[in-house]
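Reader: Hello! I would love a close look at the charged pairs in this model, and then a walk from there into their surroundings. Could you take me through it at an easy pace?

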Amino acid sequence: MRLRAALLAALLLGTAQAGTYRVRAGDTLWEIARTHGVSVGALLQLNGRRDQTIRVGEVLQVPTPGGATIRAASLAPAAAPQVFQQGQAVYYGGRDHPQTSMTAAHLSLSFGTWVRVTHVRTGRSVDVVINDRGPFGAQARVIDLSTEAARALGIISEGIAPVTLSILSRP
């Protein structure tokens, strides 16, 4: 699988210009990916990795501004992740995580699980890492999103939104 991802990245790099980015203190994968117009998953696949941990000084392959944009869809597996759960998302302040501000709380998923949260009405989605427990109270609520994740999903003004959850990776 890793070899296939590396070959796919090499093939794409032949048609899309790629550059490098040296990780600085305080960087997160999500910020680096957003800055370069790709998803975290696409950035990981472009670099032939599954591990989301980045280190200061590490050099990552990234799309070059002005070059062809590598979108997550072009690097994603052929089949979309299956829906794991449906319900409502709410947001709270979130809990600090060393690699990303895109975090969430779930009642049963293991800490370190990456989940794609998709807003049912708008189709917008965000990838978050589970690092807390919740939501508590209403059974219809399936996930508590950090403020940053809720903002990216576009639910700050709604407060509660219908979502689907798809598991991207487990620790």
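How many salt bridges does a search of the whole structure find?

Author: Happy to. The model is predicted, so local features need pLDDT of at least 70 and side-chain atom pairs count only at pLDDT 80 or more, while totals for chains, interfaces and linings use all residues. Residues are numbered from 1 along each chain as its sequence is written, and side-chain values use heavy atoms, leaving out hydrogens and water.

The search of the whole structure turns up five salt bridges (a side-chain nitrogen of Lys or Arg within 4 Å of a carboxyl oxygen of Asp or Glu). Let us visit three of them.

One of them pairs R49 with E58, with 2.1 Å between the closest N and O atoms. R49 is buried at 16% relative accessible area, whereas E58 is partly exposed at 22% (buried means under 20% relative accessible area, exposed over 50% and partly exposed in between, with a 1.4 Å probe and protein chains only).

Another joins D132 to R95, where the closest N and O atoms are 3.5 Å apart. Because D132 sits in strand β6 and R95 in the loop between β3 (83-92) and β4, this pair ties together parts that are 37 residues apart in sequence (helices, H or I of at least four residues, and strands, E of at least two, are DSSP runs numbered from the N terminus). D132 is buried, with a relative accessibility of 16%, while R95 is partly exposed at 46%.

The third on our tour is E158 with R121, at 2.5 Å between the closest N and O atoms. E158 is in the loop between α5 and β8 and R121 in the loop between β5 and β6, so to speak a link between distant parts of the chain, 37 residues apart. Here E158 is partly exposed, at 33% relative accessibility, and R121 is exposed, at 58%.

From R95 we can step to T103, since R95 is among the residues T103 touches. T103 belongs to strand β4 (residues 103-105) and is buried, at 1% relative accessibility. Beyond residues up to four places away in sequence, the contacts of T103 (heavy atoms within 4.5 Å) also include H97, V128, N131, D144 and L145.

V128 and L145 lead into the largest nonpolar core, where both are among the residues with the most contacts; that core has 33 residues (a set of buried Ala, Val, Leu, Ile, Met, Phe, Trp, Tyr and Cys residues joined through side-chain atoms within 4.5 Å). Elements giving it two or more residues include α2, β2 (59-63), β5 (114-119), β6, β7 and β8 (161-169). In soluble globular proteins, nonpolar side chains tend to be buried together. V117 is another of the residues with the most contacts inside the core; leaving aside neighbours within four places in sequence, V117 is in contact with V128, I143, L145 and V163, among others.

Finally, follow β6 along its neighbourhood. α2 (29-35) and β6 (125-132) each supply at least two residues to the lining of the second largest pocket, and that lining includes W30, R34, S125, V126 and D127. After β6, in the loop between β6 and β7 (141-146), comes P135, joined to G134 by a cis peptide bond with omega of about -5 degrees.

Note on methods:
On a 1 Å grid over the protein atoms alone, a cavity is a set of points where a 1.4 Å probe fits but cannot get out, and a pocket is an open set with protein on both sides within 12 Å along at least five of seven lines; lining residues have an atom within 4 Å of a point.
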